[in-house]
Amino acid sequence: MSEEMISRRKLITMGSAAAGSVLGLSLVPAEAQAASRARARRSAATWENLVEKSSFSSTTAFNQEWNYNYPWGNMHNGAAKMLPGQVSLSGGVLTLTATRLSQSTEKSPSAPQAPIWWNSGTVHAKEQIIVNDQFPEYDIEGEFRTQTGQGIWPAFWTTGIAPNWPPESDILEYVGDSTNLFNTWTKEAGENDPAERYELSGHNPDTWHKYRVWMTKDGNDVLLDYYFDGVWKASHRGVGWAGIPQYLIMNLQMGSWASGIEKTDPRWAQQPGPSGNTYFRARNVWFGRTRNW
């Protein structure tokens with residue numbers, strides 16, 4: 001991506017009024033003016049919210065916009081089994097709780113087939129994401145705090161609907177440590193590595209922080225801008241993403257790759273990680289899109 005493109009997309013973090021007052025619109029490059037127009041477009045009547053910030057305010061509000069578990073079931077690629085009872089609401093905050101089991105009696109059916117050592121929670125939005133000509137822009141955002149460390153694997157992410165994976169965008173992901181991974185997965189990179197990754201460290205994940213991605217259609221691709229606490233951090237390209245439906249998921253996965261060991265390690269059967277309870281909390285989670293009628 002060109003330096004001009006990166007500079008233009010950094011200006012998204014500035015309101016159009018602020019950009020005009022600081023720089024003077026008559027002196028602002030065409031790229032910055034385009035960003036200002038895009039921001040204005042987002043506040044126009046063509047913008048629609050799909051999930052409101054109030055969706056964690058009550059069980060009724062939650063049930064209108066979210067489902068329990070993964071879209072495909074209650075297990076994925078970690079060592080936790082997802083149960084609705086591990087999801088709770090209080091004071092506008094949704095909490096996912098992972099509880100260590102006294103023993104493991106089953107394995108995840110998904111690679112790497114980790115033995116299940118935790119009960120935990122996940123939710124996914126009922127509304128799907130599909131960046132196309134009718135819906136060319138999506139904004140996805142939330143405030144989160146999470147415990148991190150060996151065996152802890154929280155995530156706030158989008159994923160293509162089977163059999164279309166990728167796309168995948170990891171807006172928040174901590175895999176066994178306190179470094180957040182902004183990941184963008186495309187078919188060109190294969191299944192083992194994201195096409196693009198930005199690592200964010202030097203912060204305390206167990207205090208409230210705001211995570212955000214803004215998706216914009218660009219031909220057959222989707223441009224993704226990642227933000228942390230309102231500050232632009234990275235621009236990625238989702239190659240071939242346009243028109244592919246995606247789910248939005250929040251989960252507290254445990255063990256597996258977050259345990260930092262290989263399947264050949266003798267400790268694999270025990271899945272190193274925290275005992276007792278581990279928590280991943282969210283508030284003010286929302287997303288919306290522009291609509292071309």
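**Exercise 1. Work out whether Arg267 is buried, partly exposed or exposed, and name its salt-bridge partner.**

*Step 1.* Start with the accessibility in this predicted model. Arg267 has a relative accessibility of 44%.

*Step 2.* Compare that with the cut-offs: buried is under 20% and exposed is over 50%. Arg267 therefore counts as partly exposed.

*Step 3.* Now look for a partner. Arg267 forms a salt bridge with Asp265, and the closest N and O atoms are 3.0 Å apart. As a general point, side chains of opposite charge can pair when their charged atoms come close.

**Exercise 2. Find out which parts of the chain are tied together by the salt bridge of Arg289 and Glu48.**

*Step 1.* Get the overall count: the whole structure has 11 salt bridges.

*Step 2.* Pick out our pair. The side chains of Arg289 and Glu48 meet at 2.7 Å, N to O.

*Step 3.* Place both residues. Arg289 sits in strand β17 and Glu48 in strand β1 (residues 47–51), so their salt bridge ties together parts that are 241 residues apart in sequence.

*Step 4.* Check the surroundings: Arg289 and Glu48 are both buried. They also belong to a network of salt bridges that links Glu48, Arg289 and Arg291.

**Exercise 3. Say which partner of the salt bridge between Arg237 and Asp221 is buried and which is partly exposed.**

*Step 1.* Confirm the bridge: the closest N and O atoms of Arg237 and Asp221 are 3.0 Å apart. Arg237 is in strand β15 (residues 231–238) and Asp221 is in strand β14, with their positions 16 residues apart in sequence counted as the separation.

*Step 2.* Take Arg237. Its relative accessibility is 28%, so Arg237 is partly exposed.

*Step 3.* Take Asp221. Its relative accessibility is 16%, so Asp221 is buried.

**Exercise 4. Describe how strand β11 is covered and which strands it pairs with.**

*Step 1.* Count the buried residues: in β11 (residues 180–185), 6 of 6 are buried.

*Step 2.* Split them by face. In a regular strand the side chains alternate between the two faces of the sheet. Here one side holds Asn180, Phe182 and Thr184, while the other holds Leu181, Asn183 and Trp185. Both faces are covered.

*Step 3.* Look at the β10 side. Strand β10 (residues 168–173) runs antiparallel to β11, joined by 3 bridges, and Glu168 stands opposite Trp185. The two strands make a hairpin with 6 residues between them, where Gly176 in the turn has a positive phi of about 80°.

*Step 4.* Look at the β12 side. Strand β12 (residues 196–200) pairs with β11 in the antiparallel sense over 5 bridges, with Phe182 opposite Tyr198.

**Exercise 5. Glu173 is buried and has no salt bridge; find the side chain it makes a polar contact with.**

*Step 1.* Locate the residue: Glu173 lies in strand β10.

*Step 2.* Test for a salt bridge. The nearest side chain of opposite charge is Arg197, 5.5 Å away. A salt bridge needs the atoms within 4 Å, so this pair doesn't make one.

*Step 3.* Try polar contacts instead. The side chains of Glu173 and Asn183 are joined by one of 3.1 Å.

*Step 4.* Fill in the neighbourhood. Beyond its neighbours within four places in sequence, Glu173 touches several residues, including Trp153, Pro154, Thr179 and Leu181.

**Exercise 6. Track down two cis peptide bonds and two residues other than glycine with a positive phi.**

*Step 1.* Know what you'd usually expect: most residues other than glycine have a negative phi, and most peptide bonds are trans.

*Step 2.* Find the cis bonds. One joins Ala111 and Pro112, with omega about 10°, and Pro112 is in the loop between β5 (93–100) and β6 (118–120). Another joins Trp165 and Pro166, with omega about -10°, and Pro166 lies in the loop between β9 (152–160) and β10.

*Step 3.* Find the positive phi values. Asn69 has a phi near 70°, and Ser256 has one of about 55°. Asn69 is in the loop between β2 (66–68) and β3 (80–82), whereas Ser256 is in the loop between β16 (246–254) and β17 (277–290).

*Step 4.* Check burial. Asn69 is buried at 18% relative accessible area, and Ser256 is buried at 0%.

Terms used. Residues are numbered from 1 along each chain as its sequence is written. Side-chain values use heavy atoms; hydrogens and water are left out. Buried means under 20% relative accessible area, exposed over 50%, partly exposed in between (1.4 Å probe, protein chains only). Helices (H or I, at least four residues) and strands (E, at least two) are DSSP runs, numbered from the N terminus. Two strands pair if DSSP finds at least two bridges between them. Lys and Arg count as positive and Asp and Glu as negative; His and the chain ends are not counted. A polar contact is a pair of N or O atoms within 3.5 Å; within protein, one must be able to donate a hydrogen and the other to accept it, and residues adjacent in sequence count only if both atoms are side-chain atoms. Contact means heavy atoms within 4.5 Å.
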